[in-house]
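I set out to record, entry by entry, what I looked up in this structure. The entries begin with the whole chain and then turn to single helices and residues.

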Amino acid sequence: MQYLGQVLFLLLLVVGFGFFIKNIKKLIRNIKLGRDIDRSDNPKERWKNMIRVALGQSKMVKRPIPAILHIFVYVGFVIINIEMLEIIIDGLFGTHRAFSFLGSGYNFLIGFFEILAFLVIFGVVVFWIRRNVIKLKRFNQPEMEGWAKRDANNIIYIETILMCFFLIMNAADYFLQTQSYTHYNEAGAFPISGFISPIFDGMNLGTVAFIERFCWWAHIIGVMFFMNYLYYSKHLHIFLAFPNTYYANLEPQGEFDNLESVKKEVQLMMDPNADPFAAPAEPQGEPEKFGAQDVMDLNWVQLMNAYSCTECGRCTSSCPQNITGKKLSPRKIMMSTRDRLEDVSKIMDANNGQFVDDGKTLLNDYITAEELWACNTCNACVEECPIDISPLSIIMDMRRYLVMEQSAAPTELNNMMQNIENNGAPWQYNQMDRLNWKDEN
Ligand code: SF4
Ligand code: SF4
């Protein structure tokens, strides 16, 4: 009976981390469904990019108010969880504030955590108001209906509740310390919860100790829940923003990747010295399929992008096609890709890890040709994304499939491509007639 609390705590850790590891394995399996792409080049530049964009949040500062609030929530939440280490040690060994031997350093840390907890609460309350009261446009577009909206609010509620448990736990602990109650030795500084602790004045000390324990357990159970909820949430970016920015495309954004086999053929067509009767070169490393019809045709970085998307809508709010009312939202492109990947994952789970054709594809069932052709390839979405996601790369791969596998480009584009093939220019007239205009009066 003496060790019941410790045994229950160990059980909680095993179950919490067990599910977490299971979800991480599933995440890696799903990302690996994508085609291979080599992003092992230039590691120094990649580390720099990750530190600048993911850790330094450099692309967030373009919009300063949400940037500051996000830094409160992000830094606060991550740093406060360092305290989890102490909670785990206390839980396993039945100690009280195991790191208190650090003395004034410990007092500083606890005081710092409390201020951060307060800033987290302040940040999430403002976030909630922006989403639900002010109803900012980018949080209330069609793709944000249903689960996406609930998910964003759920995280706000979970973070608020966790921080409240943290502060009430400290307030009760501090109160018990001042009363020299049993093992509650003096440890820590409580600049925020010190203002809460007077509510316990006159209360039975056993009851205060129960409140302290209740909040302690609720806090750790909440953290375990949050950790396992992440897989189903847009908040996977808490982890994935780092690999996402490390493996980002470092080439100039306007540069498209060409298919080598096609590039060679075009170069041959345009080379005036090429022998038109020469046997065509043997295709080397030609893909089985041109472009992307389904998630398995995208590369693994694009699939990781889909899991990393924060659904912030910065891309959509700067997309000229979305702004002018076209049926295109780069955020929705990322969300649909993740939805399809999750559906594929569920099919695999139900079939011993094998994918069984369900008659659906990313193209048409999740993303329509109308959305794809609405894009003008301006790159504004890529430029805006705070974690270096490229919705455009998915759009281009899917368009490539439409054109090269299905010849399903819009008529205007088909005409233009036909003209390029026949006349070497997008216009309808023969190359020989190109300079006729100069003879006209
Ligand atoms: S590249 Fe396409 S999707 Fe991205 S902002 Fe421009 S038009 Fe919108
Ligand atoms: S793609 Fe980037 S900018 Fe667009 S919603 Fe996702 S995280 Fe935000």
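Entry 1, surface. Accessible areas here come from the Shrake-Rupley method with a 1.4 Å probe. On that basis I read an accessible surface of about 23,900 Å² for the protein, and I noted that 62% of it belongs to carbon and sulfur atoms. I keep in mind throughout that this is a predicted model.

Entry 2, overall form. I looked up the secondary structure and found 19 helices and zero strands. I then asked what radius of gyration the protein has, against that of a compact globule of 441 residues. The protein has 28 Å, whereas such a globule would have a value near 22 Å. Along the principal axes, the C-alpha trace spans about 100 × 55 × 40 Å.

Entry 3, burial, contacts and charges. Of the 441 residues, 44% are buried. I took the contacts between residues at least 6 apart in sequence, and 77% of these join residues at least 24 apart. For charges, I counted 40 positive and 48 negative, and their mean positions lie 5 Å apart.

Entry 4, helix α11. How many of the nine residues of α11 are buried? I found that nine of nine are, in a helix that runs over residues 300-308. The buried set holds Trp300, Val301, Gln302, Leu303, Met304, Asn305, Ala306, Tyr307 and Ser308. I next looked up what covers them, and the cover includes α1 (4-31), α9, α14 (330-350) and α18 (391-406).

Entry 5, helix α9 and Phe239. Since α9 is part of the cover over α11, I examined α9 itself. Helix α9 is mostly covered, with seven of its 10 residues buried. I listed the buried ones as His237, Ile238, Leu240, Ala241, Asn244, Thr245 and Tyr246. Phe239 also sits in this helix, which covers residues 237-246. Is Phe239 buried, exposed or partly exposed? I classed Phe239 as partly exposed because its relative accessibility is 38%, and that class lies between the cut-offs of 20% and 50%. Not counting residues up to four places away in sequence, Phe239 touches Phe20 and Leu230. I also took the C-alpha separation of Phe239 and Pro330, which is 22 Å in space for 91 residues in sequence.

Entry 6, Asp90 and Arg97. I located Asp90 in helix α4, residues 83-93. Asp90 counts as buried because its relative accessibility is 10%, and the cut-off is under 20%. Which residues does Asp90 touch, not counting those up to four places away in sequence? I found Thr95, His96, Arg97, Ala98 and Trp216. Between Asp90 and Gln6 I noted 84 residues in sequence, with 8.9 Å in space from C-alpha to C-alpha.

I followed one of these contacts, Arg97, into the loop between α4 and α5 (104-132). Arg97 has a positive phi of about 50° although it is not a glycine. At 4% relative accessibility, I entered Arg97 as buried.

Entry 7, further positive phi values. I looked up Asn379, which lies in the loop between α16 (369-374) and α17 (380-384). Its phi is positive, about 75°, although Asn379 is not a glycine. Asn379 counts as buried because its relative accessibility is 12%. I set Gly424 beside Asn379 in my notes, as Gly424 takes a positive phi of about 70° just after α19.

Entry 8, helix α19. I checked the span of α19, which has 13 residues, 411-423. From first C-alpha to last, α19 reaches 17 Å, close to the 18 Å expected at 1.5 Å a residue.

Entry 9, Ala152. I found Ala152 in helix α6, residues 147-178. Ala152 counts as buried because its relative accessibility is 3%. Leaving aside neighbours within four places in sequence, I recorded Arg131 and Lys234 in contact with Ala152. The last distance I took was that of Ala152 to Met60, which are 92 residues apart in sequence and 18 Å apart in space, C-alpha to C-alpha.

Notes
Residues numbered from 1 in each chain as written. Chains lettered and ligands numbered in written order. Predicted model: local features only at pLDDT ≥ 70, side-chain atom pairs only at ≥ 80, totals over all residues. Heavy atoms only, no water. Helix = DSSP H or I, 4+ residues; strand = E, 2+ residues; numbered from the N terminus. Expected span 1.5 Å × (residues − 1). Rg over C-alpha atoms; globule rule 2.2 N^0.38 Å. Buried < 20%, exposed > 50% of the residue type's maximum accessible area, 1.4 Å probe, protein only. Contact = heavy atoms within 4.5 Å. Lys, Arg positive; Asp, Glu negative; His and termini not counted. Charge placed at Lys NZ, Arg CZ, Asp CG, Glu CD.
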